[in-house]
Amino acid sequence: MNKQNYDVLQKIVGDDYFIAGKENLVPYLYDQVEYTFRPEADETSIVVKPGNVEELSQIMKYANEENLPVVVRGGATGLCGGCTPIEESIIISMERFNRIVEIDTQNMVAELEAGVTLMQLLEELDNYNGISFPVHPGDEGAQMGGMAATNAGGARAVRHGVMRKHILGMEVVLPTGEILKLGGKLTKNNAGYNLTQLIIGSEGTLAIVTKILLKLYPEENYTASLVVPFPKFENATNAVIEIINSGISPLAVEYMDKFLWKESAKSLGMHWQAEEGEADLLIMLSEKTEEALIKSCKEIYQICKKHNSLEILYAEKKQEQLELLQVRGEQYNFKKKWIYDSFDMAVPVSHIADFIKEIKLVSKEYDAPSSFLAHIADGNVHNDMWLVNGKPPVYAQELKNKMYEICFKYNGTITGEHGIGKIRIKDLLLMKSKKEIELYRGIKKVFDPNNILNPGTVLE
């Protein structure tokens, strides 16, 4: 970019919202991808912080005319390098789009600017009696626009599904600068193609989300968490399948390797009480009445005992439940210094026991240290490939290919929630037909004829 580009962009957003210079860019270059595996950022890029949709539209019109690459940055909580500029780019930070426009209690809809964080929304909903939003991808610093663009999921997807289930409409800016208002506060809307759903999950490659209409729900005030240890992993997975098929709908069911539970608790100065067994489940429950909560707990208890569970631990107090979540969340801090690459595969729930078993076996063949975490009730598995003596393992590509082969055998996907971003582009070609890729390219071309919006993401 040249001085004229700088001058035009600086004039649009104002001096205080324009950043250039390598030393100032560091906070705007990367997301949460492991240091050893992240794409290299272009440090000659610049940052602009538009304050409204009109400014953003002007930026995009100018960028399209000048053929300048644009990368949009939200909360940077992603795990696939999506917001990293890999060539000299305009980095658009959405942090000033931070208004909660409306909480419509009659239609149960929130109208939010894209830079509103999940934490902001949850804090705002505390001011309203009995209203909640269920999707929780794990980091409350995630921004709503990013959660929409990546179709965020998380542990609670087992009951509530992912973001696309809850978004009724959007305001977006196209790469060519036009502003579109899509969808609305409607339960039914069959007029034309559903562009809202096409943009959700497109990872910032088709349009820039500036505002979303988000469905809200009655709050469920009665909660409990169960820690259920099993002698073998197969006992745990069989119990989970029966729980789901019984009609019980847990808020979340989380599996981690036993050593992760123990070491994560230890890191927090706690003691993991479920010492026996090979596989521990954290089952989180949420119900509208105390009677319904007790009924669900009893049914889960009976099913788990049927599948040889060991002593079940029960947490009803909010502080106890919070501590369990803290242990679950601490696992990444415990292991991150060893991780080379993290995977995000998903398979049908009925195959998850065999899938994890085979992934563990193939990892053992390579003597590859790793760890496993799973949103086990929705089939999403997060396993890691660790560094060897501080370096990338020589078997990394070969082992990854074998893991994908196992995934495809069970009709799975290489990513359940993280996305393709800039680190899984070649991997996507392993599971998509030439025709599908051709259609993706055609869609991209219609939205972004000059390929300026987040180039090198999802597609080469």
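Here are four short exercises on this structure, each with a worked solution.

The model is predicted, so local features need pLDDT of at least 70 and side-chain atom pairs count only at pLDDT 80 or more, while totals for chains, interfaces and linings use all residues. Residues are numbered from 1 along each chain as its sequence is written, and side-chain values use heavy atoms, with hydrogens and water left out.

**Exercise 1.** Find E330 and describe its surroundings.

*Solution.* Start with the place: E330 sits in helix α11, residues 318-335 (helices are DSSP runs of H or I with at least four residues, strands runs of E with at least two, numbered from the N terminus). Next, look at burial: E330 is buried (under 20% relative accessible area with a 1.4 Å probe, protein chains only; exposed is over 50%, partly exposed in between). Then check for a partner: E330 has no salt bridge (a side-chain nitrogen of Lys or Arg within 4 Å of a carboxyl oxygen of Asp or Glu). The nearest side chain of opposite charge is K336, 8.3 Å away (Lys and Arg count as positive, Asp and Glu as negative; His and the chain ends are not counted). Finally, list contacts (heavy atoms within 4.5 Å): leaving aside neighbours within four places in sequence, E330 meets S264, S267 and L268.

**Exercise 2.** Which residues of helix α9 are buried, and what covers them?

*Solution.* Step along α9, residues 258-267: K258, L260, W261, S264 and A265 are buried there. Their cover includes β13 (252-257), β14 (279-287), α11 and β17 (370-375). Just after α9 comes G269, with a positive phi of about 75°.

**Exercise 3.** Where does N389 lie, and is N389 buried or exposed?

*Solution.* First locate N389 in the loop between β18 (380-386) and α13 (396-409). Its phi is positive, about 55°, although N389 is not a glycine. Most residues other than glycine have a negative phi. As for accessibility, N389 is exposed, with a relative accessible area of 76%.

**Exercise 4.** What is the strand order in the open sheet of 4 strands, and which strands stand at the edges?

*Solution.* Read the order as β1-β2-β4-β3, with mixed pairing (two strands pair if DSSP finds at least two bridges between them). The edges are β1 (18-19) and β3 (70-73); each has a single partner strand, so one side of each is left without a neighbour in the sheet. Now follow β3 to β4 (residues 90-93): these strands pair in the parallel sense over 4 bridges. Within β4, S93 is the bridge partner of R73.
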